[in-house]
Amino acid sequence: MQGEIEDKCGIVGIHCPDESKNVASFVYYCLYALQHRGQESAGIATFNPEKGLNYYCGMGLITDVFKDYEIQNLKGNMAIGHVRYSTTGQSRLENSQPFVTDFDDGFIAMAHNGDIVNSAELRNELVKEGYEFKSDTDSEVICYMLKREHYDNNKNIIDSIESVSKKLVGSYALTILVNGDLYGVRDPMGIKPLAVAKRGDEFILASETVAFDVINAEYIRDIEPGEVVFFENDEINSHMLEIAGDCKISHCMFEYVYFARPDSTIDGINVYETRMNIGRQLHELYPIDADVVIPVPDSSIPAAIGYSRASGIPYGEGLIKNRYVGRTFIMPTQEERELAVRLKLNPIKDAIKGKRIILIDDSIVRGTTSKKLLDLVKEAEPAEIHFLVGCPPVISPCFYGVAMATKKELIAANYSIEEIQDQLEIDTLGYITIESLIEAIGISKDDLCLGCINEEYPTEIPEGLEAETYYKP
């Protein structure tokens, strides 16, 4: 359900061997394509052999943060970029990325997507050693750990990444600038996505392949779980982390259900086709007799099309999304909070009134947004409402970079499906099963992270750790 869950970040990196070129504008376009992964802050860091490091970060959407003059000032043929949604760390400028730290021989700049579950312990170690933090994020912890290994312990950057990786528990996809060298790193479980492409003599790293499409770069492949890549002599150089062989592959299933854009390919799986498959699976589970299949826009559109094609029931638009509405911040009165929902979605009454509708959504987390949505739909006076959900019941928090909810806030952790249906006051509530979701994605259960829907996490979770969230619908 849009508004109830958020991913952490989108990251980009560009390596260009031509020192006369400036690549910041292309990082900007890539981040624009990844804006769905984070809307709180954005930042770009560049390197130029003559001018050294340049970087700029700001709060808001990429278009709010960067104007022409900021892009023009970011000179450099090497660059990384970041768009952020907070999970670990509050929404404030000090937490925006890329993070930068300097040392006698230069600097490290880093952009991070993911969440480190043992970051508090690692942070305390660094504080005792004299490191001073400007943010409260786990991303700055990784940045300082790299600095410690590279500068304080006199290791090269690959050995530094090796040392740091052995201490990190959680998820991470990283783009790192060390002076004029670009590195991409993916955690050994492959929880967060990262891929590489080429355009002319440039190599591009990004969270999703849509970033490559916008600058007409040719997708090469996904970075392997536990792989470090860097670029020399017009080649991709690869180093596999020592711990990679000891870790269970655990791709995040929510990338396919909700997070990634449908025009992306993640680990070789087309997201649009996966969501179509989810719709087909929902029809197999719930072959309902109805008049029209309606998606909750936008992420549920492919699933609704899949259900429509499998069932022969016409697909229809019954809800119109206002695409010019950004995040709605905390509103003081109930009336204003309800107004915020109406700003985002408006029912087409003639398409719904008197109809038996199948309404398809990607997920239900807290249930508060679903309740408001269904109340809007009911105002259009449908004859029946059959609400189908493309994600199994979310019964446990995520600890790997998804701002979801604490367990006490998760509706499916506290109520049965029948009780939720009664609360929503609808004719049918049907969730896809875990088995059907796995079939729709096309990746083995053993290679997926399903912790939020089966409580089987790929790492140990520190005792007493509570999933954090800073969005309160």
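**Exercises on a predicted protein chain**

Asp-298 lies in the loop that runs between strand 18 (292-295) and helix 10 (301-311). The model is predicted.

**Exercise 1.** Determine which residue is joined to Asp-298 by a cis peptide bond.

*Solution.* Begin with the general expectation: most peptide bonds are trans. Next, inspect omega at the bond between Pro-297 and Asp-298, where the value is about 0°. The partner is therefore Pro-297, and the bond is cis. Finally, place the bond in the fold: Asp-298 belongs to the loop between strand 18 and helix 10.

**Exercise 2.** For Asn-233 and Glu-455, state the sign of phi, and decide whether each is buried, partly exposed or exposed.

*Solution.* Most residues other than glycine have a negative phi. Asn-233 has a positive phi, near 55°. Glu-455, which is not a glycine either, has a positive phi of about 60°.

Then locate the two residues. Asn-233 sits in the loop between strand 13 (227-232) and strand 14 (235-240), whereas Glu-455 falls in the segment after helix 17 (451-454).

For accessibility, a residue is exposed over 50% and buried under 20%. The relative accessible area of Asn-233 is 72%, so Asn-233 is exposed. Glu-455 has a relative accessibility of 40% and is therefore partly exposed.

**Exercise 3.** Decide whether the protein chain is as compact as a globular protein of its length, or not.

*Solution.* First, count the elements: the chain contains 17 helices and 25 strands. Second, compare the radius of gyration, 22 Å, with the 23 Å that the globule rule gives for 473 residues; the two are close, so the chain is as compact as a globular protein of that length. Third, add the context: 60% of the 473 residues are buried. Of the contacts with a separation of 6 or more, 70% link residues 24 or more positions apart.

**Exercise 4.** Identify which residues touch the most other members of the largest nonpolar core, and list the contacts of Ile-453 beyond four places in sequence.

*Solution.* In soluble globular proteins, nonpolar side chains tend to be buried together. The largest nonpolar core holds 46 residues, and those touching the most other members are Met-253, Phe-254, Tyr-307, Ile-358, Ile-360 and Ile-453. Among the elements giving two or more residues to this core are helix 9 (271-285), helix 10, strand 21 (356-361) and helix 17.

Leaving out residues up to four places away, Ile-453 touches Met-253, Cys-391, Pro-392, Pro-393, Val-394, Ile-395, Ile-434 and Leu-437. A second, separate core has 30 residues, including Ile-116, Phe-133, Ile-161 and Val-185.

Definitions and conventions
Residues are numbered from 1 along each chain as its sequence is written. This is a predicted model: local features need pLDDT of at least 70, side-chain atom pairs count only at pLDDT 80 or more; totals for chains, interfaces and linings use all residues. Side-chain values use heavy atoms; hydrogens and water are left out. Helices (H or I, at least four residues) and strands (E, at least two) are DSSP runs, numbered from the N terminus. The radius of gyration is taken over C-alpha atoms; the globule rule is 2.2 Å times the number of residues to the power 0.38. Buried means under 20% relative accessible area, exposed over 50%, partly exposed in between (1.4 Å probe, protein chains only). Contact means heavy atoms within 4.5 Å. A nonpolar core is a set of buried Ala, Val, Leu, Ile, Met, Phe, Trp, Tyr and Cys residues joined through side-chain atoms within 4.5 Å.
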